[in-house]
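Open the model in your viewer and switch on side chains. Each stop below gives a selection and then says what is there.

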Amino acid sequence: MDKNKRPDSMKRITTTKLADSFISEKIAEVREQVGDKKVLLALSGGVDSSVVAALLIKAIGNQLVCVHVNHGLMRKGESENVIEVFQKGLNANLIYVDATDRFLNLLSGVSEPEKKRKIIGGEFIKVFDEEASKLTGINFLAQGTIYPDILESDGVKAHHNVGGLPKDMKMELVEPLKLLYKDEVRVVGSALGLPDKMVYRQPFPGPGLGVRCLGAITRDRLHALREADAILREEFEICGLAEKVWQYFIVVPDFKSVGVKDDKRYEGWPAIIRAVNTTDAMTATIEEIPYSLLHKITNRITNEVEGINRVLLDLTPKPIGTIEWE
């Protein structure tokens with residue numbers, strides 16, 4: 001039987017009772033797989049890695065070593081929040097690695113989306129290997145791989161934790177959530193006692209802003225993307241949309257258009273808003289955003305973010321478009 005294929009007999013995890021049963025089963029499996037060895041967890045701070053962290057803490061306690069890598073592609077304030085939540089909230093054994101220059105130098109001039117994903121995924125593994133070599137007894141790498149990652153990596157796009165793994169990786173994988181859909185992961189997270197703010201936060205891809213800074217990444221355009229995205233998230237929080245919309249973000253493509261600023265010609269990038277709702281990430285519908293809010297977001301971004309002179313709205317459902325642009 002294919003261990004990466006969800007059995008037809010597997011029930012959807014929709015209740016706390018089913019989640020508790022799943023957690024007990026996975027704790028037993030992890031303990032059998034890991035024994036007395038240590039596990040290194042790629043802790044991004046997103047829903048999937050957070051649930052994996054909570055599950056592994058229950059299963060193996062201080063045998064878990066969490067590593068948060070700042071690859072320079074995080075949202076504004078993201079790494080700082082990860083350190084705050086996981087060190088103080090979950091009392092995790094957390095190692096912080098700032099590898100911004102390392103990643104951005106490797107990505108310089110790379111525009112092909114799959115190549116970018118594989119560079120980011122491959123470099124993640126190298127960083128983890130390096131951190132593991134500084135520790136003793138690290139034999140396993142834990143990841144927040146979920147079922148849509150596996151399905152989409154089969155002919156759609158490579159995920160950093162599926163398609164970007166080197167064949168000569170020294171560590172064995174621990175992926176307790178790999179047969180779950182995103183909505184099931186959230187039910188399991190709640191059953192593990194994680195706060196709703198963490199469990200129901202919007203997803204953030206492993207390659208981060210690297211798949212939202214379209215084309216070859218430059219530091220100035222990446223900075224503009226990060227600032228514009230922060231404005232979008234702030235305005236959604238203020239108006240209450242943050243709790244209604246499953247995923248919302250900005251993408252900034254690698255082309256400019258002509259605009260006018262301070263009575264002068266002003267060439268800038270467009271910021272494209274994407275806001276979608278879904279339960280399993282396999283299909284998605286578009287969230288309707290009030291025009292008054294769109295006007296406010298447009299005004300803030302074009303006035304506060306250097307380098308952006310237009311704001312656009314993506315109205316494409318999934319399918320035909322994927323949730324992320326790259």
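The tour goes through a few single residues, then salt bridges, then some backbone features. The model is predicted.

**Stop 1: Ser21**

Select Ser21, which lies in helix α1, residues 16-34. Is it buried or exposed, or something in between? Ser21 counts as partly exposed, because its relative accessibility is 45%. Now add Val188 to the selection. Ser21 and Val188 are 167 residues apart in sequence, while their C-alpha atoms are 9.8 Å apart in space.

**Stop 2: Thr145 and Glu175**

Go to the loop between β4 (138-142) and α6 (147-152), where Thr145 is found. Thr145 has a relative accessibility of 1% and so counts as buried, the cut-off for buried being under 20%. Which side chain does the side chain of Thr145 make a polar contact with? Show Glu175: its side chain is the partner, at 2.7 Å.

**Stop 3: Glu130 and Arg102**

Salt bridges come next, and the count for the model is 24. Select Glu130 and Arg102, whose side chains meet in a salt bridge with an N to O distance of 2.7 Å. This pair links distant parts of the chain: Glu130 sits in helix α5 (residues 113-133) and Arg102 in helix α4 (residues 100-107), 28 residues apart. Colour the two residues by accessibility if your viewer allows. Glu130 is partly exposed, with a relative accessible area of 37%, and Arg102 is partly exposed too, at 30%.

**Stop 4: Arg300 and Glu234**

Select Arg300 and Glu234, which form a salt bridge with their closest N and O atoms 3.3 Å apart. Arg300 belongs to helix α10 (residues 291-304) and Glu234 to helix α9 (residues 219-239), so the bridge ties together parts that are 66 residues apart in sequence. Arg300 is buried, with a relative accessible area of 16%, whereas Glu234 is partly exposed at 39%. Keep both on screen and add Glu235, Lys296 and Glu304. Together with Glu234 and Arg300, these residues are linked in a network of salt bridges.

**Stop 5: Glu267 and Arg265**

Move on to Glu267 and Arg265, where the side chains meet in a salt bridge at 3.1 Å, N to O. Glu267 is partly exposed, with a relative accessible area of 42%. Arg265 is exposed, at 61%.

**Stop 6: Asp262 and Asp263**

Hide the side chains and look at the backbone. Most residues other than glycine have a negative phi, and most peptide bonds are trans. Select Asp262 in the loop between β7 (257-261) and β8 (264-277). What is the sign of phi at Asp262? Phi is positive there, about 55 degrees, although Asp262 is not a glycine. Next select Asp263, which lies in the loop between β7 and β8. Asp263 has a positive phi of about 60 degrees and is not a glycine either. Asp262 is exposed, with a relative accessible area of 65%, and Asp263 counts as exposed at 79% relative accessibility.

**Stop 7: Lys318 and Pro319**

For the last selection, go to the segment after β10 (308-313), where Pro319 is found. Display the peptide bond from Lys318 to Pro319, which is cis, with omega near -15 degrees.

Notes: Residues numbered from 1 in each chain as written. Predicted model: local features only at pLDDT ≥ 70, side-chain atom pairs only at ≥ 80, totals over all residues. Heavy atoms only, no water. Helix = DSSP H or I, 4+ residues; strand = E, 2+ residues; numbered from the N terminus. Buried < 20%, exposed > 50% of the residue type's maximum accessible area, 1.4 Å probe, protein only. Polar contact = N/O pair within 3.5 Å; in protein donor to acceptor, adjacent residues only side chain to side chain. Salt bridge = Lys/Arg side-chain N within 4 Å of Asp/Glu carboxyl O.
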